[in-house]
Amino acid sequence: MTLDTPAVTLLSREQAILEFNRRVLAQAQRSDVPLLERLRYVCIVSSNLDEFFEVRFADMLDAARDPQSSISGRDVERVGRAAHALIDEQYSIFNEHLTPKMRDENIVILNHADRDAAQRQWVAKFFEREVRPLLVPVGLDPAHPFPQVANKSLHFIARLSGKDAFGRDNRIAIVKVPRVLPRVIKLPATVSDGRQVFVLLTSVIRAHLEELFSGRKVEAFSQFRVTRDSELEVDEEEIANLRHALRSGLTTRNYGRAVRLEVTNSCPAELADFLLEQFDLPAAALYRVNGPVNLVRLNELIDQTEAPQLRFVPYEPVWPEARLPRQKSIFECIRKGDVLLHHPFESFDPVVQFLREAVEDPAVMAIKLTIYRTGSKSVLMDLLIDAARRGKEVMAVVELKARFDEEANINWAERLEAVGAQVVYGIVGFKTHGKLMLITRREGNRFKRYAHLSTGNYNPKTALLYTDLGYLTADPDLTADADSVFRQLASLGKIKMPRRLLLAPFNLHSSMLEHLLRVEQAARAGRIARVVVKINALTDTELINGLLSAAQAGAKIDLIVRGACMLPPGLPGISDNIVVRSVVGRFLEHTRIAYFRWGATDAEEALFLSSADWMSRNMFRRIEIAWPVQDAKLRQRVIDEALQPYLYDTLDAWQLGPDGRSSRVVSATGVSAQQALMQLFLTS
């Protein structure tokens, strides 16, 4: 297998991210998706694009300035044009498809011009009572320079007539929209005519904007929002305390370099140009939108709307009673054999119960856990705090640099330290992304370990929304490996290479390449050669090259990649043995699985579950884990539940073309993997 840069031109990572969001946006146009859920997909795309500009596009701009970089100004322009097109399509769907259908369901968003006298009166009173006291209009002059505008905060810009109270010709004013106010307000039934009527906060302010400038007219105005580079830059080698440095960095993150400016499409050119100048942005960074700036806030409308028939039918994850009877100790069940949990089809509650049982069991001596994205409210963190208070040895590996979760994780770290837990922050220069929980229990005259390994985070909330696999085990090798990982994260010392776990940045990448090479050699020898990989992103050049080499040797390769994929499939003689699919459904696909077969016997087959995507950052700049599923029945269950259904999905699946564009998989009898799995677990 050649490990040089592949001859094939790889797809753009940034374009691939936008293409994923195009697939998500397409959900908003599906007639078989409930109306409010369609609106939620529009909101999801807005949230995704915010992060895209804050992180990926900001990095791309930096790279384009580096003469040594492969990214050019033309690449930036190309991605910018694609982002403009996607956002235009997003607003078109909202205005032309969803808004009329909502109106048909008596759910309306009323602009000032559409409100009747009673509604205007109610809005006026709301403005005076709830909004006006919090508004501080700033007229610009040498003593009142353009204000600091935080990342993604909403403002109005206005051009005023005449002179100010001091006789000066300062015509531009800025009004900040307070973040503490709801962006969507539901009108009471008394003024709603039997409908569910909403007004946007921006519409309320717009209707009364002139009242903020006594004696002057508002000649022109617009909403605006700026998106800034939000990567926290901390030199870990130069600081003594990472937690304190990040805490300080959080205060300045909101004022990073501007990368995008959003205004309404009615914004006069002179105001838009003025804003571009203030934020030092080129014209291409201006995004005119045909509707409310920041569609993410329409989640508030979805939450306030009383229309269960316009939402997904509620799904309650099932407790795996056959494998973990509720009346039995989870430790007792795990001793009999490994237990696989498939979320969100199966409940995350057994994981919580596993930790709760450990906290309450006097025989449990120690609890160790990695914390990446657990949320600002977490029953698992509360249980860890309880364990420390009970005198158990608690070790928490808290990843302080989990993007946009830094503050929550810092807060948990401080609370854990306050009750005596041992808190470490991983390894300098590496994010701890592996998902591990280790319980040490005294049984007779010895200690026995129990572990939970997962492809997803320790977050019960996202476990209801993301597909992931969890693994409960008392296997001596796996649990000893997990203990070694925790020891290394705490001591920074060298450890023996784990017996069963694969660990990034040490042997995970090389092991995946070795398995691809086995498959390639089998294909060249005319034996069975098969690869199926399910991940969130595929961007690592060496792994892509390994897949291409195996495919060119004759191996059949299926890739189920939710998001960015830089491998172009379907190129004659190069990647025509590779099919790349993406499934976008009710739940966010998050599971990482790698399956290899290089012969006809069971000994020539391997299946790994992992916390890592196939990206260079995961393989070399993060602490990641992968583990083999050696039990044949569990391995077959992973294949039957988490791989096969996705290869035959004809309702939620998309297939990637060699040009980087996706097309929906169409079939006369649409089959959804996620829907089939929900039905399977409800009836099993």
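**Cavities, pockets and backbone features**

The largest cavity encloses about 80 Å³ of space. The model is a predicted one, and the count for this protein comes to four cavities of 30 Å³ or more. Twelve names make up the wall of the largest cavity: Ser-46, Leu-49, Asp-50, Ile-87, Gln-90, Tyr-91, Arg-225, Arg-260, Glu-262, Asn-294, Leu-295 and Val-296. At least two lining residues come from each of helix 2 (35–64), helix 3 (73–104) and strand 8 (258–264). By residue class, the lining of this cavity holds five nonpolar, three polar and four charged residues.

One of these lining residues, Asn-294, also deserves a look for its backbone. Asn-294 is not a glycine, yet its phi is positive, at about 75°. Asn-294 sits in the loop that runs between strand 9 (286–289) and helix 8 (299–304). Is Asn-294 buried or exposed? With a relative accessibility of 14%, Asn-294 falls under the 20% limit and so counts as buried.

Attention now turns to the open spaces. The second largest pocket has a volume of about 780 Å³. Helix 3, strand 1 (107–109), helix 5 (201–207) and strand 7 (218–228) are the elements that each give two or more residues to the lining of this pocket. Among these, helix 3 provides the largest share, five residues. The lining comprises 30 residues, and those nearest the centre of the pocket are Asn-111, Leu-200, Arg-206, Gly-291 and Pro-292. In terms of chemistry, the lining of the second largest pocket divides into 13 nonpolar, 13 polar and four charged residues. Helix 3 thus appears in both descriptions, as a contributor to the lining of the largest cavity and to that of the second largest pocket.

The loop between helix 3 and strand 1 holds Asn-106. Asn-106 is another residue other than glycine with a positive phi, here near 60°. Its relative accessible area is 39%, which lies between the 20% and 50% limits, so Asn-106 is partly exposed.

Two cis peptide bonds can be described alongside these loops. The bond from His-343 to Pro-344 is cis, with omega near 0°, and Pro-344 belongs to the loop between strand 10 (339–343) and helix 10 (349–360). The bond from Ala-504 to Pro-505 is likewise cis, with omega near 15°. Pro-505 is placed in the loop between strand 18 (502–504) and helix 14 (508–524).

On the scale of the whole protein, the secondary structure amounts to 18 helices and 27 strands. The radius of gyration is 27 Å, close to the 26 Å that the globule rule gives for 684 residues, so the protein is as compact as a globular protein of that length. The C-alpha trace spans about 85 × 65 × 55 Å along its principal axes. Of the 684 residues, 58% count as buried. The accessible surface comes to about 29,000 Å², with 50% of that belonging to carbon and sulfur atoms. Among contacts between residues at least 6 apart in sequence, 74% join residues at least 24 apart.

Finally, Ser-484 offers a point of reference in helix 13 (residues 476–491). Ser-484 has a relative accessibility of 23%, over the 20% limit for buried residues but not over 50%, and therefore counts as partly exposed. From Ser-484 to Ala-63 the separation is 421 residues in sequence and 38 Å in space, C-alpha to C-alpha.

Note on methods: Residues are numbered from 1 along each chain as its sequence is written. This is a predicted model: local features need pLDDT of at least 70, side-chain atom pairs count only at pLDDT 80 or more; totals for chains, interfaces and linings use all residues. Side-chain values use heavy atoms; hydrogens and water are left out. On a 1 Å grid over the protein atoms alone, a cavity is a set of points where a 1.4 Å probe fits but cannot get out, and a pocket is an open set with protein on both sides within 12 Å along at least five of seven lines; lining residues have an atom within 4 Å of a point. Grid points are joined across faces, edges and corners, and a volume is the space filled by probe spheres set on the points. Helices (H or I, at least four residues) and strands (E, at least two) are DSSP runs, numbered from the N terminus. Ala, Val, Leu, Ile, Met, Phe, Trp, Tyr, Cys and Pro count as nonpolar, Asp, Glu, Lys and Arg as charged, and the others, Gly among them, as polar. The radius of gyration is taken over C-alpha atoms; the globule rule is 2.2 Å times the number of residues to the power 0.38. Buried means under 20% relative accessible area, exposed over 50%, partly exposed in between (1.4 Å probe, protein chains only). Contact means heavy atoms within 4.5 Å. Accessible areas come from the Shrake-Rupley method with a 1.4 Å probe; for residues, only the protein chains shown count as cover.
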